[in-house]
Amino acid sequence: MKRLALIILCLLTVAGITGCSFPWQKSEKAEPKYDGYLYFLNDDHTDLVREGFRFEGKSGQALAEMIASRLAANAEDEHDSPLPDGVVIEKVLIEDAHIHVYLNAMFNKASVTEQTLCMAALVKSFDQISDANGVLFYTDNQPLADNAGNVYDVMTKEGFLYSPSIYPTEAVSQTLDLYYGDKNSAHLKKESVSVKTSGEEQPVRIIVQHLIDGPAFEEETALIPPNTQIISAVLVGDTAYINLDNGFADTNVKVEPSLAVYSIVNSVTANTSASLVQIQIEGKTPASYGGEIDLRHPLKTKKSLIK
């Protein structure tokens with residue numbers, strides 16, 4: 001018995017000197033500390049997810065080039081690069097206090113959804129560099145412009161109300177002014193809805209989902225086909241891009257097309273900083289929705305439909 005006690009005492013003494021631990025001892029593992037985050041695509045390419053990374057002592061131009069290199073590859077946890085197929089970052093320069101990101105011409109062939117997610121990921125990743133403020137994009141060495149030929153202004157991470165939903169924060173209550181149909185589905189009628197949301201949830205998606213779910217009161221009617229699914233929803237600058245599946249084009253739902261469309265447009269512009277809403281169906285912008293609404297261009301609020 002004395003011999004056993006002596007052996008244990010010796011082992012404990014050695015462990016104390018060398019800093020070793022035994023299987024029965026719990027080791028406290030420090031949480032990893034990151035300098036920032038890189039943003040990648042989730043598995044079904046409908047949202048962004050983030051991965052922590054360290055600056056490795058780099059800053060300015062060197063850090064920008066490291067971020068560009070890492071974004072071009074898949075994340076360590078195998079999430080996909082935010083760059084659409086065939087798109088590469090040709091160069092990234094820090095000049096005039098801005099980060100200038102040059103993409104090849106293949107970016108212009110990507111869908112609106114792919115372009116939007118890509119820009120959101122790049123801006124949120126690059127805009128962590130303290131030496132510059134905001135990102136300017138170029139394709140084929142020309143300033144990036146929208147379908148109407150308007151050149152995009154400097155983009156900052158604050159302008160993208162688009163955050164990875166896998167990192168929930170404390171829920172907060174807010175009131176949304178949503179536009180459903182009136183009892184006869186002849187006009188739009190406002191309904192104020194109190195919702196609890198995470199600070200990292202995408203507000204545009206929340207708004208559209210509530211419109212799909214329908215109103216809480218019998219005095220209003222749902223205008224969006226109930227089998228509609230949201231593919232993506234993101235706010236870029238002053239424009240909200242909403243991509244819905246073919247359920248939105250369900251011809252069995254007898255609703256005035258203009259009411260369905262402006263139910264979304266008016267609701268989004270009433271509750272976010274968006275002044276324009278671009279609606280897509282399966283990533284496309286049809287010239288005629290329901291035979292009367294042109295979705296090829298972003299739409300503004302239409303107050304004349306509100307009762």
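## Strand β2, covered on both sides

Let's start with β2 in this predicted model. Both of its faces are covered. On one side you'll find Leu48, Arg50 and Gly52, and on the other Val49, Glu51 and Phe53, and all of them are buried. Put as a count, 6 of the 6 residues in this strand, which runs over residues 48-53, are buried.

Phe53 is a good one to click on. Its relative accessible area is 3%, so it falls under the 20% cut-off for buried. Phe55 has 18% relative accessibility, and that counts as buried too, because the cut-off is 20%.

## The β1 and β2 hairpin

So who is β2's partner? Strand β1, residues 36-41, pairs with β2 in the antiparallel sense, over 6 bridges. If you want one bridge to look for, try Leu41, whose partner in β2 is Leu48.

The two strands make a hairpin, with 6 residues between them. In that turn sits His45, which has a positive phi of about 60°.

## Another hairpin: β3 and β4

Now move along the chain to β3 (residues 89-95) and β4 (residues 98-103). These strands also pair in the antiparallel sense, over 6 bridges. Here you can look for Val92, whose bridge partner in β4 is Val101.

This hairpin has 2 residues between its strands. Asp96 takes a positive phi there, near 55°.

## Rings and charges

What is there to see among the aromatic rings? The structure holds 4 aromatic pairs. One of them is Phe53 with Phe55: their ring centres are 5.3 Å apart and the planes make an angle of 50°, which gives a tilted pair.

Some rings have a charge over them as well. The charged end of Arg50, one of the buried β2 residues, sits over the ring of Tyr37, 4.2 Å from its centre. Over at Tyr102, it's Lys91 that lies over the face of the ring, 4.6 Å from the ring centre.

## The second largest pocket

Finally, have a look at the second largest pocket, with a volume of about 250 Å³. It is lined by 15 residues, and the closest to its centre are Leu41, His45, Leu83, Pro84 and Asp85. Two of those names should ring a bell: Leu41 is the bridge partner of Leu48, and His45 is in the turn of the β1 and β2 hairpin.

What is the lining made of? By class, it has 9 nonpolar, 3 polar and 3 charged residues. Helix α3, residues 112-126, gives the largest share of this lining, with 3 residues.

Definitions and conventions
Residues are numbered from 1 along each chain as its sequence is written. This is a predicted model: local features need pLDDT of at least 70, side-chain atom pairs count only at pLDDT 80 or more; totals for chains, interfaces and linings use all residues. Side-chain values use heavy atoms; hydrogens and water are left out. Buried means under 20% relative accessible area, exposed over 50%, partly exposed in between (1.4 Å probe, protein chains only). Helices (H or I, at least four residues) and strands (E, at least two) are DSSP runs, numbered from the N terminus. Two strands pair if DSSP finds at least two bridges between them. On a 1 Å grid over the protein atoms alone, a cavity is a set of points where a 1.4 Å probe fits but cannot get out, and a pocket is an open set with protein on both sides within 12 Å along at least five of seven lines; lining residues have an atom within 4 Å of a point. Grid points are joined across faces, edges and corners, and a volume is the space filled by probe spheres set on the points. Ala, Val, Leu, Ile, Met, Phe, Trp, Tyr, Cys and Pro count as nonpolar, Asp, Glu, Lys and Arg as charged, and the others, Gly among them, as polar. Rings of Phe, Tyr and Trp (its six-membered ring) pair if their centres lie within 6.5 Å; planes under 30 degrees apart count as stacked, over 60 as edge-to-face and the rest as tilted. A charge sits over a ring if NZ of Lys or CZ of Arg is within 6 Å of the ring centre and within 35 degrees of the ring normal.
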